[in-house]
Amino acid sequence: MKASVTICALAVLAPALATPLVKRQDFSNIEYPPGTGENLHEYPPGTGENLHEYPPGTGENLHEYPPGTGENLPFYPGTSTPNPIFQFDSTYHIRATPDQVVNGTTNPVFTGGLAGAEATYDFGINVNSDLICYFIKLTGFRGEYQSPARTATHVHEAARGRNGPPRLAFPNPTGDGHERFSVGCMQGPFTTGLIVNGVDTGEGFKLAQIEANPSGFFADLHSSLAVPGAVRGQFPG
């Protein structure tokens, strides 16, 4: 396939390659005509020659814009204001590791997760729009994604060392080799695809709940080789 593309590309370029090249003129020895500033080694007197700083009154040595000149503006006047959807009320960085994974609800026990796996979750939340943007990086994953929810990449509601239902389900990370990624944004209303007592575990969930109690939530990811969880990480409190 690559050979065919190369041959086609050469066929397209052939007419251009066949056109004789025009010899470029050598300008290296040209001198400027008299009266045009030819061969100047410095600016003539009175033209600001050899200035080491701006003269007084010209804004010399300013370290910041003076008051009233638009100093410290987040954007230039006359342009549209930033889209409020992409202004985050809170951001979170979470490192998920196998040693944080637990199984069970009544008496949860640490399982050890999937040895060698690790994930980082970066979240930005806009409460008014009920929107969350995410950048998830997964390394060292083995097996297949496995979960009763729609995907195997979640945010659950539970404190450290405890288990709870998934409230958000993200697209599983994809990629070749050692690293996989999942990047995007989601906006409520949310669903996870996991039905408990006839109700989706994401139904009615609002991102404001994370902001109100971040340490009461964790991010995780599930593998067929570690169904309770391959990695897990608590939101910072």
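Strands are runs of at least two residues assigned E by DSSP, and they are numbered from the N terminus. In the predicted model described here, one such run is strand β5, which spans residues 131–139 and includes Leu131. Strand β5 serves as the starting point for the description that follows.

An open sheet is built from four strands in the order β1-β4-β5-β8, and the pairing is antiparallel. Strands β1 (90–96) and β8 stand at the edges of this sheet; each has a single partner strand, so one side of each is left without a neighbour in the sheet. On average, and with direction ignored, neighbouring strands of the sheet are turned by 10 degrees against each other. In a regular strand, the side chains alternate between the two faces of the sheet.

At one edge, strand β1 is joined to strand β4 (residues 118–126) by seven bridges, and the two run antiparallel. Within this pairing, Ala96 has Ala119 of β4 as its bridge partner. A contact between charged side chains is also found between these strands: Arg95 forms a salt bridge with Glu118, with the closest N and O atoms 3.1 Å apart. Arg95 lies in strand β1 and Glu118 in strand β4, so the pair ties together parts that are 23 residues apart in sequence. Glu118 is partly exposed, with a relative accessible area of 28%.

Strand β4 is followed by a loop that leads to β5, and Asp130 is found in this loop. Although Asp130 is not a glycine, its phi is positive, at about 50 degrees. Most residues other than glycine have a negative phi. Asp130 has a relative accessible area of 8% and is buried, the cut-off for this class being under 20%. Leu131, in strand β5, likewise counts as buried, at 7% relative accessibility. The C-alpha atoms of Leu131 and Met186 are 5.7 Å apart in space, while the two residues are 55 residues apart in sequence.

The structure holds one disulfide, which joins Cys133 to Cys185 with an S to S distance of 2.0 Å. Cys133 lies in strand β5 and Cys185 in strand β8 (residues 179–187), so the pair ties together parts that are 52 residues apart in sequence. The link of Cys133 and Cys185 is right-handed, with 100 degrees about the S-S bond. What is the burial class of each cysteine? Cys133 is buried, with a relative accessible area of 11%, whereas Cys185 is partly exposed, at 39%.

Strands β5 and β8 are also linked by a salt bridge. Lys137 forms this contact with Glu179, and the closest N and O atoms are 3.3 Å apart. Because Lys137 lies in strand β5 and Glu179 in strand β8, the pair ties together parts that are 42 residues apart in sequence. Both partners are partly exposed: Lys137 has a relative accessible area of 28%, and Glu179 has a relative accessibility of 34%. Phe135, found in strand β5, is partly exposed at 38% relative accessibility. Together with Phe181 and Val183, Phe135 forms a nonpolar patch on the surface, with about 260 Å² of accessible area for the three residues.

A further antiparallel pairing is formed by strand β6 (residues 153–157) and strand β7, which are joined by four bridges. Thr153 stands opposite Phe170 in β7. Four of the five residues of strand β7 (residues 166–170) are buried, so this strand is largely enclosed by the rest of the structure. Side chains of opposite charge can pair when their charged atoms come close. Glu157 forms a salt bridge with Arg167, with the closest N and O atoms 2.9 Å apart. This pair links Glu157 in strand β6 with Arg167 in strand β7, 10 residues apart. Glu157 is partly exposed, with a relative accessible area of 28%. The total count of salt bridges is four, including the pairs of Arg95 with Glu118, Lys137 with Glu179 and Glu157 with Arg167.

Two backbone features are found beyond strand β8. Most peptide bonds are trans. The peptide bond from Gly188 to Pro189, however, is cis, with omega near 5 degrees; Pro189 lies in the loop between β8 and β9 (195–196). Asn197, in the loop between β9 and β10 (199–200), has a positive phi of about 55 degrees although it is not a glycine. Asn197 is exposed, with a relative accessible area of 78%.

Conventions. Residues are numbered from 1 along each chain as its sequence is written. This is a predicted model: local features need pLDDT of at least 70, side-chain atom pairs count only at pLDDT 80 or more; totals for chains, interfaces and linings use all residues. Side-chain values use heavy atoms; hydrogens and water are left out. Buried means under 20% relative accessible area, exposed over 50%, partly exposed in between (1.4 Å probe, protein chains only). Two strands pair if DSSP finds at least two bridges between them. A disulfide is a pair of cysteine sulfur atoms within 2.5 Å. Patches are made of residues with over 30% relative accessible area and no salt bridge: like charges are joined within 9 Å, nonpolar side chains (Val, Leu, Ile, Met, Phe, Trp, Tyr) within 5 Å. Accessible areas come from the Shrake-Rupley method with a 1.4 Å probe; for residues, only the protein chains shown count as cover. Axes are lines fitted to C-alpha atoms, for helices over the stretch in contact, and angles run from 0 to 180 degrees between N-to-C directions.
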